[in-house]
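Here is a short report on one protein model. Look at the fold first, then follow the text from the whole chain down to single residues.

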Amino acid sequence: MEEKILKDILSSNDRAARSLREELTRNNITAINLMSSPGSGKTSLLEKTLSLITPDIKPAVIQGDITTSLDVDRLSSFKVPSIAINTAPSGGECHLEAGWINDAYDRLDSPDINILFIENIGNLVCPAEFDTGAHKNVVLISVPEGEDKPLKYPLAFKKADLMIVNKSDLIEVLDFNLNSLIENAMKINPSLKHMVLSARTGSGFDSWINWIKEGMEDD
Ligand SMILES: Nc1nc2c(ncn2[C@@H]2O[C@H](COP(=O)(O)OP(=O)(O)OP(=O)(O)O)[C@@H](O)[C@H]2O)c(=O)[nH]1
Ligand SMILES: [Mg+2]
């Protein structure tokens, strides 16, 4: 019985995701879903990205957290349309569903955007189970988390188009083997692209901004 309910939720989410993706495409908006463990640097990535963005990229941000608007507050100085989804009032879910993103998108009421960043709830498990309606999925992993995470939490890496290895400024001070991380990720998803960057120093951001622009051309 419980399995049937879960299947119904997933298929209704899939329908909502498909319809949102179609609407975004019609409006020439590319949506990018960011997934990672808490603290890998999703908001830091967005902060640095917004500070480097060129006039041809017009972003908006939807950020999910169980509670608080702390992440949205961190972006307030950039003056981009942004909205927080809190799941605590509806049971504290640890992922975002397409219908909630659709509601937030409607409330954003920003006709003049062409990129929608979705910061999923910090968690390497549940967000990967729910299609958000985004065109691209990005998984972040930061250097302190260790090389084995793709093997232990495979779904997020399987669903991702791009793996961002963040906090590269810490590679020197930690026993972190970048090649081993990439090897593990490729075992899970042989077509996964990757980028190594630091949201702290800005290193590697040229490739990231180019990847965003290429994604805008694809959709
Ligand atoms: N050294 C270093 N620290 C970083 C980097 N990126 C983020 N941090 C730090 O990591 C911590 C967590 O970063 P956040 O951006 O809040 O992480 P998050 O993934 O948004 O976290 P949640 O929203 O809670 O899931 C902060 O203290 C950041 O300053 C980086 O490239 N290098
Ligand atoms: Mg965050």
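The report below covers the overall fold, the sheet, one buried strand, the ligand site and two loop residues.

## The whole chain

This is a predicted model. The protein chain has eight helices and seven strands. Along its principal axes, the C-alpha trace spans about 50 × 45 × 35 Å. How does the radius of gyration compare with that of a compact globule? With 219 residues, such a globule would have a value near 17 Å, and the protein chain has 17 Å, so the two agree.

Of the 219 residues, 39% count as buried. Look also at contacts with a separation of 6 or more: residues 24 or more positions apart account for 75% of these.

## The sheet

Seven strands form an open sheet, and their pairing is parallel. What is their order? It reads S3-S2-S4-S1-S5-S6-S7. Strand S3 (82-86) and strand S7 (193-196) stand at the edges. Each has a single partner strand, so one side of each is left without a neighbour in the sheet. From one strand to the next, the twist averages 20°.

Helix H4 (residues 98-108) packs on this sheet. H4 touches strand S2 (59-65), S3 and strand S4 (115-119). The direction of H4 makes about 150° with that of S3.

Three of the strand pairings can be set side by side.

| Parallel pair | Bridges | A facing pair of residues |
|---|---|---|
| S1 (residues 30-35) and S5 (residues 136-142) | four bridges | Asn33 and Asn137 |
| S5 and S6 | five bridges | Ser142 and Asn166 |
| S6 and S7 | four bridges | Leu162 and Lys193 |

## A covered strand

Strand S6 (residues 162-166) deserves a second look. Is S6 mostly covered or uncovered? It is mostly covered: five of its five residues are buried. In a regular strand, side chains alternate between the two faces of the sheet. Here, Leu162, Ile164 and Asn166 point one way from S6. Met163 and Val165 point the other way. All of these residues are buried, whichever way they point.

Two of these residues also appear in the table. Asn166 is the bridge partner of Ser142. Leu162 has Lys193 in S7 as its bridge partner.

## Around the ligand

Now turn to ligand 1. There are 17 residues around it. Which of them come nearest? They are Gly41, Thr43, Ser44, Gly122 and Arg200. Helix H2 (residues 42-52) gives the largest share of the shell, three residues. By class, the shell has three nonpolar, nine polar and five charged residues.

## Two loop residues

Two residues have a positive phi although neither is a glycine.

Asn28 has a phi of about 55°. Where is Asn28 found? It lies in the loop between helix H1 (2-26) and S1. Asn28 has 10 C-beta neighbours inside 10 Å, so it counts as exposed.

Lys79 has a phi of about 60°. This residue is found in the loop between helix H3 (70-74) and S3. Is Lys79 buried or exposed? With 8 C-beta neighbours inside 10 Å, Lys79 counts as exposed. The cut-off for an exposed residue is 12 or fewer such neighbours.

Technical notes
Residues numbered from 1 in each chain as written. Chains lettered and ligands numbered in written order. Predicted model: local features only at pLDDT ≥ 70, side-chain atom pairs only at ≥ 80, totals over all residues. Pairing = 2+ DSSP bridges. Helix = DSSP H or I, 4+ residues; strand = E, 2+ residues; numbered from the N terminus. Axes fitted to C-alpha atoms, helices over the stretch in contact; angles between N-to-C directions. Contact = placed C-beta atoms within 7 Å. Rg over C-alpha atoms; globule rule 2.2 N^0.38 Å. Buried ≥ 20, exposed ≤ 12 C-beta atoms within 10 Å, placed from the backbone. Near = placed C-beta within 6 Å. Nonpolar A, V, L, I, M, F, W, Y, C, P; charged D, E, K, R; others polar.
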